[in-house]
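Me: I would like a close look at a single part of this structure, namely its pockets and the charged pairs around them. Please take me through that part in one connected account.

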Amino acid sequence: MRRLLRGAAYAVLPAEAVLAGCLVAGVAVPAPVLHALELFAVVTVGLGVAVYRRARRRGLPPREALYEVVPEPVVRIVGHELGLMVSLVRWVGRRRHGVGGGTEAFGHARDQAALMYGFAFVCAVESVGMFWLLRDVPVAHEVFLVLDVYTVLFVLGLHAASVTRPHLLDGRVLRLRQGCHVDLAVPLDAVAAVRHEPLFTHGRAEGELDLKVGGQTSLTVELTAPVEVVGLLGRRREVRVVRFHADDPRALLAALRQARTAPSPAPGTPV
């Protein structure tokens with residue numbers, strides 16, 4: 001059933017895209033073709049629901065069950081796009097994700113702000129230019145307007161995600177984040193060494209992760225045991241060295257060292 005669903009999805013999505021293009025362009029679509037395509041789409045959705053429910057009955061968690069219906073890279077990309085839009089709302093409301101309950105937050109978006117604002121300004125200027133140039137071509141005008149507006153929101157969302165998702169430290173775990181696509185939990189008992197190390201060039205190396213902001217990192221963490229990092233499309237790998245940036249790296253370094261040297265609570269003690 002899973003293979004049948006994937007085959008149906010690969011057929012119906014391009015067909016829906018062609019149909020949408022025809023309707024936007026004003027091309028007449030025969031009613032039987034329209035009804036058959038919509039029926040095919042309904043059947044595909046029904047198959048997806050059946051596969052999902054069967055996966056849940058097998059004991060899979062909701063996200064893993066969803067991967068049975070939709071490929072993991074697709075789910076992650078859609079989740080990333082939605083996360084950017086949610087980050088814009090959080091940014092406007094001055095609310096940060098995961099902050100509270102004794103958790104310390106350390107921002108890391110300051111040094112990229114000028115670049116991101118400049119990029120958004122360029123995209124906005126380009127949008128105005130295309131809006132004017134295509135004013136006499138209705139279909140292209142509307143399509144490019146939607147794409148240009150979304151591009152501006154996407155760029156602002158990238159920065160908003162960095163602002164609203166700071167690094168977190170709660171006494172047990174250092175949670176390193178980069179936008180909506182990296183969220184790495186590093187147990188403090190797995191930290192072998194941490195140091196303030198400003199770097200502006202980074203080479204690729206096995207077992208190392210660079211979370212650059214504005215092309216730089218300022219802190220380096222070496223681990224006694226590897227931790228798993230998941231990429232945007234779901235690619236998994238283990239790393240033993242993590243380099244990342246913070247707006248105030250010395251404050252984060254001091255808090256991290258204090259958390260590592262703090263005495264552990266006695267067994268059974270509420271924390």
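Reply: What follows describes the two pockets in turn, then the salt bridges, and ends with a helix.

The model is predicted, and every value below should be read with that in mind. The largest pocket holds about 740 Å³ of space, and its lining is made up of 30 residues, with Q178, L209, D210, L211 and K212 lying nearest the centre. Several elements contribute to this lining: helix α4 (72–93), helix α6 (138–164), strand β6 (208–211) and strand β7 (217–230) each supply at least two residues. Of these, β6 gives the largest share, which amounts to four residues. In chemical character the lining of the largest pocket divides into 13 nonpolar, ten polar and seven charged residues.

The second largest pocket encloses about 420 Å³ of space and is lined by 20 residues, of which R76, C180, H181, V182 and D183 lie nearest its centre. At least two lining residues come from each of α4, β4 (182–187) and β7, so that α4 and β7 appear in the account of both pockets, given that each also supplies at least two residues to the largest one. Here the largest share belongs to α4, with five residues. The lining of the second largest pocket divides into eight nonpolar, six polar and six charged residues.

Which residues link up in a network of salt bridges? The members are E72, R76 and R236, and R76 is also among the residues nearest the centre of the second largest pocket. Side chains of opposite charge can pair when their charged atoms come close. Within this network the side chains of E72 and R236 meet in a salt bridge, at 3.2 Å from N to O. That pair joins distant parts of the chain, with E72 in helix α4 and R236 in strand β8 (residues 236–244), 164 residues apart. The two partners can be placed by their accessibility: E72 has a relative accessible area of 18% and is therefore buried, the cut-off being under 20%, whereas R236, at 38%, counts as partly exposed.

The structure holds nine salt bridges, and two further ones involve residues already met at the pocket centres. D183, one of the residues nearest the centre of the second largest pocket, forms a salt bridge with R175, the closest N and O atoms being 2.8 Å apart. Both residues of this pair are partly exposed, D183 at 40% relative accessibility and R175 with a relative accessible area of 26%.

D210, which lies among the residues nearest the centre of the largest pocket, meets R243 in a salt bridge between their side chains, at 3.1 Å from N to O. This pair again links distant parts of the chain, as D210 belongs to strand β6 and R243 to strand β8, 33 residues apart. R243 has a relative accessibility of 15%, and because buried means under 20%, R243 counts as buried.

One helix can be added to this picture. Helix α2 (residues 31–57) has 27 residues and reaches 39 Å from its first C-alpha to its last, close to the 39 Å expected at 1.5 Å a residue. Its buried residues are L37, A41, T44, L47, G48, V51 and A55. Just after α2, G59 takes a positive phi of about 100 degrees.

Note on methods: Residues are numbered from 1 along each chain as its sequence is written. This is a predicted model: local features need pLDDT of at least 70, side-chain atom pairs count only at pLDDT 80 or more; totals for chains, interfaces and linings use all residues. Side-chain values use heavy atoms; hydrogens and water are left out. On a 1 Å grid over the protein atoms alone, a cavity is a set of points where a 1.4 Å probe fits but cannot get out, and a pocket is an open set with protein on both sides within 12 Å along at least five of seven lines; lining residues have an atom within 4 Å of a point. Grid points are joined across faces, edges and corners, and a volume is the space filled by probe spheres set on the points. Ala, Val, Leu, Ile, Met, Phe, Trp, Tyr, Cys and Pro count as nonpolar, Asp, Glu, Lys and Arg as charged, and the others, Gly among them, as polar. A salt bridge is a side-chain nitrogen of Lys or Arg within 4 Å of a carboxyl oxygen of Asp or Glu. Buried means under 20% relative accessible area, exposed over 50%, partly exposed in between (1.4 Å probe, protein chains only). The expected span of a helix is 1.5 Å times one less than its number of residues.
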